[in-house]
Structure formats: structure tokens, C-alpha cells
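Visitor: I'd like to go through this one with you, a few residues at a time. Could you start with a glutamine and what surrounds it?

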Amino acid sequence: MQSKLLRGTFILTVGTILSKILGLIYVIPFFQIVGREGTVLYQFSYVPYTIFISIATAGVPLAVSKFISKYNALEEYAVGRKLFKSGLVIMLATGFAAFLVMYIAAPVLAEMSIGDEKANIGNVTTVMRAVSFALIVVPFMSLIRGYFQGHQSMGPSALSQVIEQIVRITFTLLGAYIVLQVFHGKMVTAVSVATFAAFTGAIGGLLVLFWYWYKRKPYLDELLTHDKGTIDISLKEIYKEIFISAFPFVLVGIANPLFQAIDQFTFTKAMAAIGKAKVAEDYFSILNFESHKIVIIPVSLAIGFSLALVPSITKAFVEGNGKSLNHQLNQTFQVLLFLTLPAAIGLSLLAEPVYTAFYEHNLLGAGVLSTYAPVAILFSLYSVTAAILQGINEQRFTILSLLVGLLIKLTLNIPLIELMEIKGAVLATTLGYTASIIINIIIIKKFAKYPFRLVWRRSLLIAIFAGLMWVGTEVVYRFLLLFLSPESKLQSVAIILISAGVGAGIYFYLGVKTGLARRLFGNRVDRLLSKLKLFGRRKAVEN
């Protein structure tokens, strides 16, 4: 059973990572097709969509997965089927309601986003309405994924996620290209097709799930014949338990989109107030779409490694094993910092060639990315500290910490933008997330009785390693600039590969030499080193 669970978790993790990678890489060709004008429109629609989809699903699919798994373990299979059938109806209803609200409210949301420019309000409204159709399908699809996961069947979810992304990205890129290059259509039409791709991608993912349902239904029906039937629980009681446990995680899931929404509804107005209305939308795209997409890359990887430790934290807390709990928390924070800190520093240092490689050579964009990259550390810390609160059953405080962070962002955003333009928005985000993280850390210290002493010491060591890595990377980067230009995409890729390779080599060497890497990643480091040695021997033999 444990082997099956680990295999399933691995499959789902691989599917999720592949899906995220696809979701990050497509922005490179998409930007080349639609340019900044297109990405501005695209981002104006996607931030509200992300918030609406989170509200429509309300964390129910994940909660349903846990609920079904719980009752399957008790051999009460009928309870899970009953929940599944009613859940499909509820997800269809909430999805359709969210679609209607977003579709009808699109003009208001567009006006809130860009002010009173009537021509642009019409364009943003059109794009928002195009993406809203996905709200009908995605919650319904998410619940089916949750049902399969509740039966420890991760393959359907993993494959449907990947297919959903492939269909969405293909439709996005081909649709936008055909509209602009073949039919010579308008930009708003191209971007509307690109955002409508969320609906077509969801249909693709749903068809995969339907196929799995057709194949697995005989087995799932057979489980009902082994149902004990000793538990009679009403749907009202089921959903009460589900929504109470799911609500805090909904807020955590939409934390980043909510911070972005504040920028969306205040940025152009603040820029107009200082006489820069003409460049406001381009600046917004640089901040909230182009730079943000790159900054999220190290965040996704670090969170993936760190959150894998959260189940162990839950187990130690429930068992009252303080020693084990402290060990797991130490590992979680150290792994997070060990991975995120060098990535954020490297991204900040190599911002100019990275921005060129992804989009185009733009000194403003590179400057914003350089400033924004370190915020990746805060994004990661917030997600992980919120997950730890879940592990120690204090998730109610995530609501408090998020609201405080959002209030700070909302209060400071306009004055800081008027004072510092884009960097003011980044600083407001930094201050908001910092406040949320401090609250989360105080709660962890209080309720988990966790001493942060070891983490502070190790953080200092990691910072020293990152500083040495920065020096080495900076030297190599400056040397390469004598021969290569960050204005060229191809040469930018070469600069990134060589500079980042040297930096990673320095950092990894220091981590291995001091034993820190082994303490954090165990025998994975030894396996990697043995493979590298074997590779080196083969090369020597070949030469």
C-alpha cells in the first residue's frame, strides 16, 4: 500500500511539474507572436480568471480526494460515490455561476483595471469574456481528478493535466498566429482566441478523464459490492466538514493572484497620476506578466521539494513527537532557502540576458526583473509557512496573515508607485509578503514550540555560499560581456548557460564540501556524485 501511494505521488508530481514547465515555456513564443500589446491584454484577463476559478472550486476537489480516501480506508465506498455524484452537480453549478458573474462583470473589471479609456475597456472586456468560458468546465474537471486521487489513482490526474496544458498552449499559439499572420486580424481577436484556449484545454483534460472513467468504472462499481454500509452520513455534514477544512487553503492558493489583482486595479491609475499614463500598460505587462512568469520558476521548484516534507510534519505533530517535528521543520526551511536563495540571486544578476532570452532586449524589463527576482524567496517562504500551519492544524491563522499582507499592499501600493513607479509596486509586494511571513513564523514558533536557532545559523551559512557564488558568477558574467552581447537572444542563452553553470558549480561544491548538501538531501547527493564520477571516467576512457 505504501509503495502504491509513493508511486502515485511520484506520478502526480511528475505530471504537475511537466504541466508547470509547459505553462512557463510557452510565454517565449507567445510574446514573439503578440508582443507587449498582446501580453497586456492577456494578463488583464488572467488575474481575475485565476481568482474566479479558485472561488468556484473553493478547494473542494482536494478536500473530496482526502474525504474519499478516508472512507475508502473504512471500506465505506458508497459514501465516496454519493459525495462524487453530488459534487459534480455542485461544481457545475458553481462553475456556471462564476462564468456568469465574470462574463457580466467584465466591463466593470476592465474599467477598474485601466481607468476610463473607452476603446481599451472594450478590448479588455472582450478578452475577459473569452477566458470566462473555461470556468464552466474546470471546476467539474477538478472534482473528477479529486475522485481518482481519492482512490489512490494518480495517473488520470497527471495525464489530464499534461494534455490540458498541451491543448491549451497549442490552441493559444496557433490561434494567435493564424489570427495575426494568416487573417491579419486585430490584436484583441488574437488574444481573445489565446485566452479562450483555457476552455479548449479544459475540454482536452476532461476527455482524458472520461476515457479513464470508462476504463475504470467496472472496478469502481465492484468496490461498491464490498461496501460495509455501516456509516450513514448526510451530504450536509459532509460538505460542512469539507468547506471548513478547504477554505483557508483557497486563500493561500490565490494569495499571489490577489497581490497581482491589487496591481491590476491600481497601477495604471497611479502611473496616470504622475503623468505616465501612456506607458502604464506596458510597464504593467513587464511587471505582472513578463517578469512574474520568470520569477515563479525557482519558486515552483523550491516549493515542490519543501512541501514534500509537510506530511511528515503533520505526522510528528499529531503524535506529539517534538524532536521529530523540529527536525522536519529544520529540513523544510533549510531546503527551501538552499534552493531559492541562489536561484533568486542568480536571476537578479543575469536579469538582462534572461529577459532577452525569454522576450526581447529591454533595459527597463531587465531592471524590473533584477529588482523583482529576490521576492521569489518571499513567495516560497509564504507558501511553505502556510503549509506548515496546515500541518500543525493552525490553518485559521493563514487567513489573518494573508489579510494583513494584502492590507499593507493595498495601502502602500499607490503612494509607492507614484514615488518609485514599477519598483514601488515591487516594494509594496515585498512589505506585504514580509508581514504575512512574520505572522506565520510567530504562530509556528508559538504552537509548534519550534526554536529557529539552527535555521538562523544555517541561513547565514547558505547566505555566505550564495555570496561566494554571486562573486564567481559576476566575474564570469563580466568576462563574457567582453565577447558576447545580451542584446542577442542566442548570445544571451550562452551567457546564461556558462555563468549559471559556473555559479551552480561553486554553490554545489561548497554545499558538498561542508556536508550541508548531504544533511539536507541525504543519499541523493551521493548518488549524483557517483553518477558524475562515472561520467567523468567514461569521458577519460573515450579521450
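Guide: Setting aside residues up to four places away in sequence, Q260 touches Q43, V47, N288 and H292. Please keep in mind throughout that this is a predicted model.

Visitor: Which helix holds Q260, then? And is Q260 buried or exposed?

Guide: Q260 is found in helix 10, which spans residues 255-273, and with a relative accessibility of 10% Q260 counts as buried.

Visitor: Let me step back a bit. How many helices and how many strands does the chain have?

Guide: The secondary structure comes to 22 helices and 0 strands. Of the 543 residues in the chain, buried residues make up 52%, and the accessible surface comes to about 24900 Å², with 68% of that area belonging to carbon and sulfur atoms.

Visitor: What share of the contacts with a separation of 6 or more comes from residues 24 or more positions apart?

Guide: Those pairs, 24 or more positions apart, account for 81% of the contacts in the chain that have a separation of 6 or more.

Visitor: On to charges. How many salt bridges does the structure hold?

Guide: The structure holds 9 salt bridges. One of them pairs K409 with D263, whose side chains meet at 2.8 Å, N to O. That pair links distant parts of the chain, since K409 sits in helix 17 (residues 396-420) and D263 in helix 10, 146 residues apart.

Visitor: Are K409 and D263 buried or exposed?

Guide: K409 counts as buried because its relative accessibility is 0%, and D263 counts as buried as well, at 3%. The cut-off that matters for this reasoning is a relative accessible area under 20%.

Visitor: And what does R145 pair with?

Guide: R145 forms a salt bridge with E164, and their closest N and O atoms are 2.8 Å apart. R145 lies in helix 6 (residues 134-150) and E164 in helix 7, so the pair ties together parts that are 19 residues apart in sequence. Both R145 and E164 are buried.

Visitor: What about E474, which partner does it have?

Guide: E474 forms a salt bridge with R478, with the closest N and O atoms 2.7 Å apart. Because E474 and R478 are 4 residues apart in helix 19 (residues 453-480), about one helical turn separates them. E474 counts as buried at 18% relative accessibility, whereas R478, at 46%, counts as partly exposed.

Visitor: Which residues are linked in a network of salt bridges?

Guide: R36, E290 and E360 are linked in such a network.

Visitor: Staying with helix 19, what is Y477 in contact with?

Guide: Leaving aside neighbours within four places in sequence, Y477, which lies in helix 19, is in contact with L349, L350, E352, P353, I495 and S499. Y477 counts as buried at 3% relative accessibility, and its C-alpha atom is separated by 8.3 Å from that of I498, 21 residues apart along the chain.

Visitor: Now helix 15. Which residues in it are buried?

Guide: In helix 15, which covers residues 363-372, the buried residues include G365, A366, V368, L369 and Y372. Viewed down the helix axis, the buried residues of helix 15 fall within an arc of 165°, so they line one face of the helix. At the start of helix 15, a side-chain oxygen of N362 reaches to within 2.9 Å of the backbone nitrogen of L364.

Visitor: New topic: where does R129 lie, and what is it in contact with?

Guide: R129 lies in helix 5 (residues 118-132) and, not counting its neighbours within four places in sequence, is in contact with Y103, I104, A106 and P107. R129 is partly exposed, with a relative accessible area of 26%. The C-alpha atoms of R129 and S45 are separated by 8.2 Å, although their positions lie 84 residues apart along the chain when counted as a separation.

Visitor: Last one, the surface. Which residues make the nonpolar patch?

Guide: L174, Y177, I178, V182 and F183 make a nonpolar surface patch of about 510 Å². One of these, V182, has its place in helix 7 (residues 155-182), and V182 is partly exposed, with a relative accessible area of 48%.

Note on methods: Residues numbered from 1 in each chain as written. Predicted model: local features only at pLDDT ≥ 70, side-chain atom pairs only at ≥ 80, totals over all residues. Heavy atoms only, no water. Patch = residues over 30% accessible without salt bridge, like charges linked within 9 Å, V, L, I, M, F, W, Y side chains within 5 Å. Areas by Shrake-Rupley, 256 points an atom, 1.4 Å probe, with all protein chains shown as cover. Salt bridge = Lys/Arg side-chain N within 4 Å of Asp/Glu carboxyl O. Helix = DSSP H or I, 4+ residues; strand = E, 2+ residues; numbered from the N terminus. Buried < 20%, exposed > 50% of the residue type's maximum accessible area, 1.4 Å probe, protein only. Arc of directions from axis to C-beta. Polar contact = N/O pair within 3.5 Å; in protein donor to acceptor, adjacent residues only side chain to side chain. Contact = heavy atoms within 4.5 Å.
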